[in-house]
Structures are given as structure tokens and as C-alpha cells.
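Here are some short exercises to work through with the model open beside you. Try each task on your own before you read its solution.

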Amino acid sequence: MSKKAILEIDGNKYEFPIIEGTEKELGIDIKTLRGATGGITTIDPGYKNTGSCESAITFLDGEKGILRYRGYSIEELAEKADFLEVAYLLIFGDLPTAEQLDKFDKDIKEESHIDEDMKRILDGFPKSAHPMGVLSSLTSALIAFNPGSVDVDSEEAMYGAIVKIMAKFPVLASWTMRKRKSLPLDYGDSSLGYVENLSKMMFSRPNKTYEANKIVNDALDKLLILHADHEQNCSTSTVRIVGSSHAGLFASLSAGISALWGPLHGGANQAVIEMLEAIREDGGDTAKYIAKAKDKEDPFRLMGFGHRVYKNFDPRAKIIKVAAEEVLGDLGIEDPVLDIAKGLAKVALEDEYFVKRKLYPNVDFYSGIIYRALGIPTEMFTVMFALGRLPGWIAQWREMRLRKEPIGRPRQIYTGETYRAFKSVSER
Ligand code: ACO
């Protein structure tokens with residue numbers, strides 16, 4: 001028999017169905033709540049208890065530390081798949097056959113040119129502009145060159161928009177970095193794989209033949225896979241909600257990039273390195289910063305610790321911790337900041353404050369260390385996150401549009417002034 005929830009308000013009882021997901025998650029379906037109760041709504045700031053949609057893309061269990069894309073474990077994907085395969089999996093639902101992957105790759109390469117006029121937009125930004133702001137603006141500017149909402153009834157139109165943005169986004173992302181470094185723009189090389197090409201566009205120098213570094217490219221591939229989707233987080237919910245108004249894919253993605261920018265979300269990877277640097281400059285006293293993080297009078301938080309949903313461990317952090325040690329070892333890098341990171345993690349994992357609140361190092365705690373070892377500037381870290389998250393955003397946007405979900409429009413409980421009569425300026 002199907003489960004039901006009963007709500008009692010002032011002696012009146014209301015019944016709501018309980019829906020069950022494929023992983024046995026339960027959700028009270030309150031779609032009829034306002035109609036049945038005459039306008040009573042729910043309140044849940046930060047949506048900690050609100051399911052905004054049904055989704056078949058990513059499953060995560062914060063208590064058990066499970067993360068799966070379309071049913072495949074993140075551990076297996078990070079070890080055995082490459083980023084383009086994972087992108088296809090997330091967007092279209094299944095791992096691609098050799099032909100499907102080949103076609104996806106070729107179609108993306110076919111779209112990887114950028115309109116020359118986009119360069120003038122890039123040139124308009126000061127060099128000091130944060131790359132996330134530039135990337136969000138350039139993604140938005142792409143709309144002008146590819147206007148209109150995508151016809152969701154046309155598989156072809158959907159596919160066309162998807163390969164376009166998969167192709168152009170890494171070019172734009174690398175351009176934001178090159179502009180900051182005063183390097184000539186690189187258009188990539190279609191004979192290279194997706195991640196290798198990204199690497200070339202970021203690291204090539206005008207006076208040197210580009211030589212691929214397998215350690216760097218493998219690490220990048222893994223990092224992009226680990227960041228590729230994470231169900232209804234802040235930026236993904238933003239992409240879905242913007243897209244729900246039938247704004248185009250690029251407009252929705254541009255909004256997602258802005259949401260990702262914040263230090264409580266994707267910006268945490270930059271904030272982690274800045275925090276570790278600050279601790280190093282201050283003499284490397286980790287105990288002092290642990291105490292600051294615990295002090296409720298002090299706004300300081302240990303960046304890279306804690307997660308909205310992972311309350312035991314972040315499975316991505318486990319994979320990335322090992323990868324960070326391997327990459328630093330393989331590249332022969334000794335980084336004092338890594339020692340500080342290890343020290344902080346050790347103390348925090350044994351400290352009652354962190355243990356009680358289930359605050360564990362998250363993916364960003366280690367990703368910044370790898371990016372740094374690969375020679376990526378700190379302010380580009382969140383852009384790297386966005387590059388990884390792109391297929392997840394696309395998959396979520398596509399799912400939302402194909403399911404013809406209604407426009408996102410939360411309710412509120414008004415707590416302002418009740419009616420007051422207007423007074424003219426002379427009466428105030
Ligand atoms: N350092 C110190 N204390 C912390 C931290 C931290 N990093 N994170 C949470 N706490 C404390 C809070 O002060 C609170 O304490 P209290 O119960 O005594 O009031 C308790 O732990 C719960 O904190 P909330 O903010 O309610 O937890 P929430 O789940 O809402 O927030 C978040 C999660 C935003 C990630 C938070 O842990 C944080 O700010 N972390 C640092 C930023 C960060 O690393 N963000 C990256 C997230 S991962 C990602 O986006 C890929």
C-alpha cells in the first residue's frame with residue numbers, strides 16, 4: 001500500500017501522498033497543500049528540507065558518503081572514465097558507445113570556434129577583473145551570437161545547443177586566464193582530446209611548442225569528473241530555475257556561473273588556498289585558526305570544511321586527497337601549504353567542535369592544492385570548477401525542459417508592515 005502523510009491544522013486533517021525514489025528516498029508530495037488548506041504554505045529558508053524536483057541524474061547519500069552519476073559510482077568513474085564520456089553519461093543518461101562518443105567529440109570540435117567579435121567584449125574588461133565575472137559575462141554574451149530559447153521538442157535543436165556550449169565554454173574559460181596573464185588568445189587544436197585541448201589553451205606559450213604533460217592532463221580529467229554534477233546545489237538550482245522561465249541554455253548557464261562564484265559554494269576552493277596562505281604568512285600556527293573557527297564571536301570559518309549534505313565524509317574529497325598526494329609527488333612539488341592543510345585536517349578531524357558538527361574536509365579543501373601544483377592561478381580555481389560542472393548544469397537544464405517543469409516560483413511568509421495609508425512628503 002502506498003504511504004501517506006497526514007497533516008492536522010486546527011482539527012482539519014489533510015492527506016498527502018508520499019513518493020518514493022529508486023533509492024528508497026521518501027518525499028511528501030505537497031503539490032495540493034495550498035489549494036486544500038486555503039493558502040497555507042511551507043517555510044524552509046535555504047531549502048534544507050525541500051525537494052524541488054524529481055531527477056534521474058545524480059544520487060547522493062550524505063550520511064553514507066555515496067555519490068553516483070546515472071547509477072555509476074564516482075569512485076569508478078574517476079578511475080575508469082574520461083571527462084567527455086562522463087559528460088555524455090550525465091547529459092544523455094547512458095555511457096556512450098564508441099560511435100556515439102566519436103560523434104559527440106567530432107560535433108563539439110566542429111563548434112569550437114568563437115565569433116571574432118567576442119574578442120572585443122573580452123578586451124573591454126580590465127585585466128584585474130575576476131575570471132568568474134568575465135566568464136559569466138562572456139557566456140551571457142554568447143546569447144547574442146546564438147539567440148533564442150531552444151526548441152525542446154526538437155532533439156536536434158537540443159543537441160545543437162549542447163555541443164555548442166560544450167565546445168565554446170573551455171575556449172572562453174581559457175581566454176579569461178590568458179587575458180589576465182597578457183597572453184595571446186589560443187584557439188586550441190582539434191586534433192587533441194577535450195581535456196588535453198583545454199590544457200593547451202590554458203598553458204601554451206606563443207614562443208614554445210606545446211608539449212602535453214600526462215600527469216597534468218590526467219589530474220585535470222579526474223578533477224573535472226569529480227565536479228561534474230552534484231544534484232540540486234545552489235548553482236544547479238539556479239540553472240534550473242532560470243531555465244524554467246524558458247530563458248535559453250546559455251542565459252541559464254551564465255546565471256549558474258554567478259551562483260557558483262560565491263565563497264560558500266564554488267568559490268570555496270579559492271578561499272581555501274587564500275586561507276592556507278594567510279596561515280602560512282602568519283607563522284603557520286594551525287591551532288590559532290582552529291580556535292578562531294570555533295569562536296562564535298569570530299566570523300572566520302575553516303574554508304573547505306563542512307558540507308550541506310555530506311555529514312560523514314565527502315567521497316570526492318577522499319579521491320582527491322589521494323590524487324593531490326600523487327600529483328605533487330609525480331611533479332616533484334613540495335608545497336608548505338599542503339603541510340598546513342594536512343595539519344589543519346588532522347587537528348580538525350580530532351577536535352570535538354568539528355566532530356560533533358560532522359564537519360569534514362570537502363572536495364574544495366584538496367582541489368585547490370592540485371590546481372596550484374598544476375600552475376593554475378588561484379583566481380582561476382572556481383573557473384575550473386565551472387568547467388567541470390558544465391555537463392551537470394546542461395543535464396539538469398535538459399531534464400527540466402524535457403519534463404516541461406513549471407516556472408520556479410517559491411512562496412514566502414510576509415512579515416512586513418500591514419496596510420498603512422500613504423503620507424505625502426510634507427506629512428512625514
Ligand atoms: N568552520 C567552522 N564552523 C563551521 C563551518 C566551518 N567551515 N561550517 C559549519 N560550521 C558550524 C556552524 O557555525 C554551525 O555551528 P552551530 O551549530 O554551533 O551554530 C554548524 O557548523 C552548522 O553550520 P551550517 O552553516 O548550518 O551548515 P550548513 O550545512 O548550512 O553549511 C557550508 C554548509 C555552507 C558548506 C558550511 O559548512 C561552510 O560555510 N563551509 C565553509 C565553506 C566551504 O567550504 N564551502 C564549500 C562547500 S562544498 C561546495 O560547494 C563544492
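**Exercise 1. Sort the shell around the ligand by residue class, then find which side chains offer polar atoms to the ligand.**

Solution. Keep in mind that you are looking at a predicted model.

Step 1: Sort by class. The shell around the ligand holds 9 nonpolar, 5 polar and 7 charged residues.

Step 2: Look for the nearest ones. Among the 21 residues around the ligand, those that come nearest are Lys296, Arg301, Leu302, Gly304 and Tyr353.

Step 3: Check the polar atoms. Tyr353 places a polar side-chain atom 2.9 Å from a nitrogen atom of the ligand. For Asn362, a polar side-chain atom is 3.0 Å from a ligand oxygen atom, and for His265 the distance from a polar side-chain atom to a ligand oxygen atom is 3.2 Å.

Step 4: Ask how much of the ligand is covered. On its own, the ligand has 920 Å² of accessible area, and the protein covers 78% of that.

**Exercise 2. Is His265 buried or exposed? Describe its surroundings too.**

Solution. Step 1: Place the residue. His265 sits in the loop between helix H11 (249-261) and helix H12 (268-281).

Step 2: Apply the cut-off. Buried means under 20% relative accessible area. His265 has 16%, so it is buried.

Step 3: List the neighbours. Leaving out residues up to four places away in sequence, His265 touches Asn233, Cys234, Ser235, Ala259, Leu260, Asp364 and Arg389. With one of these, Ser235, there is a polar contact between side chains, at 3.0 Å.

**Exercise 3. Which helix gives the largest share of the largest nonpolar core?**

Solution. Step 1: Start with a general idea. In soluble globular proteins, nonpolar side chains tend to be buried together.

Step 2: Meet the core. It has 116 residues, and Tyr69, Phe104, Met166, Leu276, Leu302, Ile370 and Ile376 touch the most other members.

Step 3: Find the helix. Helix H7 (residues 155-180) supplies the largest share of this core, 14 residues.

Step 4: Zoom in on Phe104. Its contacts, not counting residues up to four places away in sequence, are Leu84, Ala87, Tyr88, Ile91, Phe92, Tyr159, Val163 and Met166.

**Exercise 4. How many residues of helix H3 are buried, and what is found at its start and just after it?**

Solution. Step 1: Count. In H3, 8 of the 10 residues are buried, so this helix is largely enclosed by the rest of the structure. The buried ones are Phe83, Leu84, Val86, Ala87, Tyr88, Leu89, Leu90 and Ile91.

Step 2: Inspect the start. There, a side-chain oxygen of Asp82 comes within 3.1 Å of the backbone nitrogen of Leu84.

Step 3: Inspect what follows. After H3 comes Gly93, with a positive phi near 100°.

Step 4: See where H3 acts as cover. Helix H8 (residues 194-203) has 9 of its 10 residues buried, and what covers them includes H3 (83-92), helix H4 (98-110), H7, helix H9 (214-226) and helix H18 (381-402).

**Exercise 5. Describe two residues other than glycine that have a positive phi.**

Solution. Step 1: Recall the background. Most residues other than glycine have a negative phi.

Step 2: Take Arg70. Its phi is positive, about 50°, and it lies in the loop between strand E5 (66-69) and strand E6 (72-73). Arg70 is partly exposed, at 22% relative accessible area.

Step 3: Take His246. Its phi is near 70°, and it is found in the loop between helix H10 (234-243) and H11. With a relative accessible area of 46%, His246 is partly exposed.

Technical notes: Residues numbered from 1 in each chain as written. Predicted model: local features only at pLDDT ≥ 70, side-chain atom pairs only at ≥ 80, totals over all residues. Heavy atoms only, no water. Near = heavy atom within 4 Å. Polar contact = N/O pair within 3.5 Å; in protein donor to acceptor, adjacent residues only side chain to side chain. Areas by Shrake-Rupley, 256 points an atom, 1.4 Å probe, with all protein chains shown as cover. Nonpolar A, V, L, I, M, F, W, Y, C, P; charged D, E, K, R; others polar. Core = buried A, V, L, I, M, F, W, Y, C linked by side-chain atoms within 4.5 Å. Buried < 20%, exposed > 50% of the residue type's maximum accessible area, 1.4 Å probe, protein only. Helix = DSSP H or I, 4+ residues; strand = E, 2+ residues; numbered from the N terminus. Contact = heavy atoms within 4.5 Å.
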